[in-house]
Amino acid sequence: MTQQIAAYGSWRSPISAEMLTTATVGLSEPQFDGDDIYWLESRPLERGRNAIVKLSATGEKQDALPTPLNARSRVNEYGGGSYCVQHGQVYFVLLDDQRVYHLNSRSPAAIPSALTPEGPWRFGNLTLDKNRKRLLAIAEDHSQNGQEEETCIVAISLGDDESEQAPHKLLVGNDFYSSPTLSPDGERIAWLSWNHPNMPWDGCECWLGEFNAAGDIVNQQRIAGGVRESICQPQWSSNGDLYLISDRGSWWNIFRWEGNSLAPVYKEAVEFGTPQWVFGLSTYAFLDADTLLATYTRSGTWHLCTIDLGNGSKQDLPTQLTEISYIKVNDDRAMFIGATSDSFPALYAFDRLRRDINCFARSGTLSVDNDYIAPGEAIEFPLQDSGETGYAFFYAPHNQDFCGEPGNKPPLLVLCHGGPTSATKPALNLKIQYWTSRGFAVADVNYGGSTGYGRHYRERLNGRWGVVDVRDAIDCVDYLTNTGRIDGDKIAIHGSSAGGYTVLAALTFHAIFKAGASLYGVGDLETLAADTHKFESRYMDNLVGPYPEQKAVYRDRSPIHHVDQLNCPVIFLQGLKDKIVPPNQAEAMVAALDAKRIPVAYLTFPEEAHGFRQAPNIRRALEAELYFYSRVFGFEPADMIEPVLIRNADQLTEND
């Protein structure tokens with residue numbers, strides 16, 4: 001087929017903004033219940049609600065949670081562990097009031113009944129305590145009269161009358177708790193805790209205790225963790241051995257508790273763990289008492305393996321999957337969520353006897369030809385400040401119908417992931433393909449501070465947020481420019497949340513970028529330190545420095561105080577219900593740029609919080625960004641897009 005020559009950015013693409021919300025749903029939290037399987041689906045077309053879905057042993061798929069109920073925890077704002085199930089009895093956290101409810105999924109006409117009363121509580125990380133007919137949960141008590149909410153581990157009764165009862169506090173005193181997990185006989189419990197200013201990936205502790213006759217936790221002992229040791233995912237094997245993931249050797253590897261010390265199960269310079277932003281993550285599970293099914297990441301790509309607990313040997317399983325999460329096992333059955341570079345996330349079953357992997361539920365089906373899909377290329381580039389190596393995934397423009405004009409190179413869109421303690425993933429992402437199929441190159445950067453590359457790489461950001469991440473993004477741009485892959489004069493940068501701060505810092509303190517998009521990003525570090533929620537209220541102690549002791553550093557790193565240095569167009573997109581990065585952050589930056597007569601656009605979404613979940617808003621945000629870049633870089637989009645109000649648009653002289 002002969003390709004049409006057209007300006008980069010103006011290519012007509014079948015990958016529409018609407019496709020992002022109609023083609024897929026989000027998948028998370030799969031669980032076994034005997035022969036049945038449950039999971040959560042996040043549905044943009046249903047106002048972003050989390051539906052609990054049930055797949056019966058006969059293959060019948062149905063919603064276990066009636067519309068419009070939304071199962072979502074808000075503990076730590078990010079939640080997770082929002083439901084659990086046993087014998088068809090579903091226990092879940094309702095988003096609207098954060099109470100815990102019970103629902104019989106085997107009765108089509110069942111109506112959810114509340115287990116906890118109305119009140120200033122939030123619950124998450126739900127765990128069944130079968131022996132005592134109760135739920136264990138991480139809870140936040142918001143009745144502290146203006147003080148920081150109290151986080152604790154509580155018990156919620158599942159009495160026969162199912163009357164609403166206040167939760168009973170089992171563990172309290174630490175700033176944060178997570179991951180309560182019961183031994184097979186139900187008589188011992190392991191959990192994690194940590195305190196300000198640490199985040200769980202900085203340092204946390206694993207504790208072990210026993211239940212007394214009254215159901216309280218006694219004989220508590222700390223078995224692992226500390227100020228600079230991150231623990232995650234404590235789990236029990238069927239024979240009662242306790243396992244966990246620790247980065248005490250600089251990498252998140254798997255260990256076994258042997259009564260008085262931790263013994264490594266398998267040691268390698270790869271990561272079996274992932275940062276605990278949400279509850280309920282699982283990167284390993286027990287196929288039997290002697291064998292683990294696990295996933296690990298090396299150089300940003302996830303792999304599947306089995307580990308022999310007897311001799312410590314690892315065997316990789318052949319698969320094309322590049323992202324793997326939520327491993328679950330029930331007797332001889334195993335499942336997980338996986339994705340590839342050209343397929344959406346899906347639920348997969350692993351047959352341990354045949355050692356094969358099969359998909360049984362998809363988040364969506366790609367309705368366009370693969371010739372419109374840009375493959376991701378893992379690239380490594382030199383870091384100028386340290387001589388070390390940086391990492392990114394690069395996507396070249398790709399559209400079977402179009403090619404760029406002779407002698408021209410494509411514009412580059414640099415993506416900065418949120419967190420910042422997180423990582424980009426090499427799985428099919430239609431947001432990236434939206435850009436590449438229109439003629440943009442995309443660099444998805446795992447800057448210093450990203451996970452998957454060991455504690456040393458993660459800690460490169462400590463004390464240097466807004467410096468290292470920005471410098472790494474620039475080094476990636478320099479590498480792509482020097483290798484002749486992009487137009488060095490047409491570079492935009494995009495980020496959300498913490499990635500939005502990287503965007504604004506890059507645009508303020510450097511001149512390499514010609515435009516930027518900040519989605520609910522941070523412009524004033526001081527305001528964020530004062531306004532944000534408990535979980536992240538001391539996050540910046542490590543990323544920037546203690547506040548107010550390091551107030552001068554906060555002001556020096558805050559773009560809002562250096563707007564005189566920012567001289568390129570920016571578009572801001574903001575949810576007005578955001579409690580993590582409140583709207584005043586974007587509003588202050590917009591006002592400052594407007595006063596300088598810099599082209600700036602500001603779109604707000606009244607019903608969105610931190611992150612856009614509703615289909616119309618997701619579509620509008622993406623199309624608005626394309627329209628904005630078309631005005632900055634001087635191309636005509638092939639799409640019919642509702643124009644965006646750009647203040648000071650007369651300053652975009654190259655388009656006049």
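Before anything else I fixed my terms: buried means under 20% relative accessible area, exposed over 50%, and partly exposed in between (1.4 Å probe, protein chains only). Helices (H or I, at least four residues) and strands (E, at least two) are DSSP runs, numbered from the N terminus.

**Ground rules**

I am working with a predicted model, where local features need pLDDT of at least 70 and side-chain atom pairs count only at pLDDT 80 or more, while totals for chains, interfaces and linings use all residues. Residues are numbered from 1 along each chain as its sequence is written, and side-chain values use heavy atoms, with hydrogens and water left out.

**Entry 1: helix α10**

I started with α10, which covers residues 615-633. How many of its 19 residues are buried? I found 15, and the helix is mostly covered. From first C-alpha to last, α10 reaches 27 Å, close to the expected 27 Å; that expectation is 1.5 Å times one less than the number of residues. Just after the helix, G634 has a positive phi of about 75°.

**Entry 2: the sheet β10-β11-β12-β13**

Next I looked up an open sheet of four strands, in the order β10-β11-β12-β13 and with antiparallel pairing. For pairing, DSSP has to find at least two bridges between two strands. β10 and β13 (168-172) are the edge strands, each paired on one side only. The twist averages 30° from one strand to the next, with axes as lines fitted to C-alpha atoms (for helices over the stretch in contact) and angles running from 0 to 180 degrees between N-to-C directions.

Seven bridges hold β10 and β11 in antiparallel pairing, and R122 has E140 in β11 as its bridge partner. I then picked one residue from each of these strands.

- N125 sits in β10 (residues 121-129) and is buried at 8% relative accessible area. Its contacts (heavy atoms within 4.5 Å), leaving out residues up to four places away in sequence, include L136, A137, I138, F279 and G280.
- A139 belongs to β11 (residues 134-141) and is buried, with a relative accessible area of 0%. Among the residues A139 touches are W121, R122, F123 and C152. The C-alpha of A139 is 6.9 Å from that of V75, although 64 residues separate them along the chain.

**Entry 3: the sheet β18-β19-β20-β21**

I moved on to another open sheet of four strands with antiparallel pairing, ordered β18-β19-β20-β21. Here the edges are β18 (231-236) and β21 (262-266). Neighbouring strands are turned by 30° against each other on average, direction ignored.

I went through the pairs in turn. β18 and β19 (residues 242-246) are joined by four bridges, with Q235 partnered by Y243. Four bridges also join β19 to β20, where I245 stands opposite I254. β20 and β21 pair over four bridges too, with W257 opposite L262. The two hairpins each gave me a positive phi to note: S250 near 80° among the six residues between β19 and β20, and G259 near 95° among the four residues between β20 and β21.

Why is β20 (residues 253-257) largely enclosed by the rest of the structure? Because five of its five residues are buried. In a regular strand the side chains alternate between the two faces of the sheet. On β20 both faces are covered, with N253, F255 and W257 on one side and I254 and R256 on the other.

I254 turned up again in the largest nonpolar core, which has 92 residues; I254, F272, L412, V414 and F572 touch the most other members. Such a core is a set of buried Ala, Val, Leu, Ile, Met, Phe, Trp, Tyr and Cys residues joined through side-chain atoms within 4.5 Å. A second, separate core of 47 residues includes A17, L428, L430 and V644.

**Entry 4: salt bridges**

I closed with the salt bridges (a side-chain nitrogen of Lys or Arg within 4 Å of a carboxyl oxygen of Asp or Glu), of which the structure holds 44. E268 and K314 meet at 3.8 Å, N to O. E268 lies in the loop between β21 and β22 (284-288) and K314 in β25 (residues 314-316), so this pair ties together parts 46 residues apart in sequence. R597 and D650 meet at 2.7 Å; R597 is partly exposed at 39%, and D650 is likewise partly exposed at 42%. My last note is a network of salt bridges linking E41, R43, E46, R49, K61 and D63.
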